[in-house]
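Me: I have a structure open and would like to go through it piece by piece. Can you help?

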Amino acid sequence: MTNDVTTHRGFGVVLDPLQFAAELASLKQRPQYQGRALYVQLPDAIARIFESPLVPIHHSLAISGGAALPVAVATFQAAGTQVVCLVPLATEEARDWLVESVDEQRRIYLAATVDERKQVVVMRAETPVRDVRDPTWLALKKHLGEWRSHDRAAEVMDMLEVLRFVEHAAESEVAGFTVQERWIFVCVPHHQDGVGVCGSEGAGAAQATSKGVPVVH
């Protein structure tokens, strides 16, 4: 059971390359990152945990959801703190984020804005796909390329199931640490305003269960 886990919920954004570059342009010392990224807001205390070289960190990427909607689940954990980004792959922009992160960037970027410092912190995670020619990954890309929205109600239910699963999941990504605090974000492309598959009904009900299928471990 995860009754002792403090859970926070919110929305994030899937940034395209131009938007990601624009966020980084505001920094005095601009890091050299290119491509697409996830974008969330975190308190300074949480961001500093992930910045510390003394804290053990682990990342994972899985594809969850049901038959109606595939959902990417990107987990970043530092000691007992998790940041979990759920990306409904219902839009071309979201699918481009996943494919380009794996095939071209070879890593997932998570940009976190820290209001207390008026700064953006960028976390990087290598994807679990070691070979982009891997049959499992190629089959998944083919499936995503052929995916079309058919039943919005079923898509919402799939999204809610993933949210329930993530909230109640007890697994820790870091050996020797239990999860004590979890930040869950539903990330959508910037032009979406929180309606439909990842709408406010989904975020508000973020208590949720579904079976996650790893891309590659």
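**Loops, strands and a helix pair**

Reply: Let's start with R130, which is exposed, with a relative accessible area of 62%. Bear in mind that this is a predicted model.

Me: Where is R130 in the fold?

Reply: R130 sits in the loop between β7 and α4.

Me: How far is R130 from D103, in sequence and in space?

Reply: They are 27 residues apart in sequence, and their C-alpha atoms are 9.8 Å apart. D103 belongs to α3 and is one of the residues there that meet α4.

Me: OK, α3 and α4. How do people describe two packed helices?

Reply: By the angle between their axes and the distance between the axes. Here the axes of α3 and α4 (residues 135-146) come within 11 Å and cross at roughly 160°. Angles over 145 degrees count as roughly antiparallel, so α3 is roughly antiparallel to α4.

Me: Is the crossing left-handed or right-handed?

Reply: α3 passes α4 in a left-handed crossing.

Me: Which residues meet there?

Reply: From α3, R95, L98, V99, V102 and D103; from α4, W137, K141 and L144. By class, that contact has 5 nonpolar, no polar and 3 charged residues.

Me: What comes after α3?

Reply: α3 covers 92-105, and R106 is in the loop between α3 and β6 (107-114). The phi of R106 is near 60°, a positive value in a residue other than glycine.

Me: Why point that out?

Reply: Because most residues other than glycine have a negative phi.

Me: Where else does a positive phi turn up in a residue other than glycine?

Reply: K118 has one, with phi near 50°. K118 is in the loop between β6 and β7 (119-126).

Me: Are R106 and K118 buried or exposed?

Reply: R106 is partly exposed, with a relative accessible area of 33%. K118 is exposed, at 79%.

Me: Next to R106 is R107. Where does R107 lie?

Reply: R107 lies in strand β6. R107 is partly exposed, because its relative accessible area is 27%, between the cut-offs of 20% for buried and 50% for exposed.

Me: What does R107 touch?

Reply: Not counting residues up to four places away in sequence, R107 touches S101, R124, A125, E126 and T127. A37 is 70 residues from R107 along the chain, and their C-alpha atoms are separated by 9.7 Å.

Me: Now a strand residue with a different setting. Is C85 buried or exposed?

Reply: C85 counts as buried, at 0% relative accessibility. C85 is in strand β5 (residues 81-88).

Me: What is C85 in contact with?

Reply: Leaving aside neighbours within four places in sequence, C85 is in contact with L38, V40, A72, V73, A74, L110, F185 and C187. V40 is 45 residues from C85 along the chain, with 8.8 Å between the C-alpha atoms.

Me: How much of the contact in the whole protein is between residues 24 or more positions apart?

Reply: Such pairs account for 71% of the contacts with a separation of 6 or more.

Me: And the overall numbers? How many helices and strands are there, and what share of residues is buried?

Reply: The protein has 6 helices and 9 strands. Of its 217 residues, 49% count as buried.

Me: Last one: what is the accessible surface of the protein?

Reply: About 10900 Å², of which 52% belongs to carbon and sulfur atoms.

Definitions and conventions: Residues are numbered from 1 along each chain as its sequence is written. This is a predicted model: local features need pLDDT of at least 70, side-chain atom pairs count only at pLDDT 80 or more; totals for chains, interfaces and linings use all residues. Side-chain values use heavy atoms; hydrogens and water are left out. Helices (H or I, at least four residues) and strands (E, at least two) are DSSP runs, numbered from the N terminus. Buried means under 20% relative accessible area, exposed over 50%, partly exposed in between (1.4 Å probe, protein chains only). Contact means heavy atoms within 4.5 Å. Accessible areas come from the Shrake-Rupley method with a 1.4 Å probe; for residues, only the protein chains shown count as cover. Axes are lines fitted to C-alpha atoms, for helices over the stretch in contact, and angles run from 0 to 180 degrees between N-to-C directions. Angles under 35 degrees count as roughly parallel, over 145 as roughly antiparallel, 65 to 115 as roughly perpendicular and the rest as oblique. A crossing is left-handed if the near helix is turned anticlockwise from the far one by less than a right angle, and right-handed if clockwise. Ala, Val, Leu, Ile, Met, Phe, Trp, Tyr, Cys and Pro count as nonpolar, Asp, Glu, Lys and Arg as charged, and the others, Gly among them, as polar.
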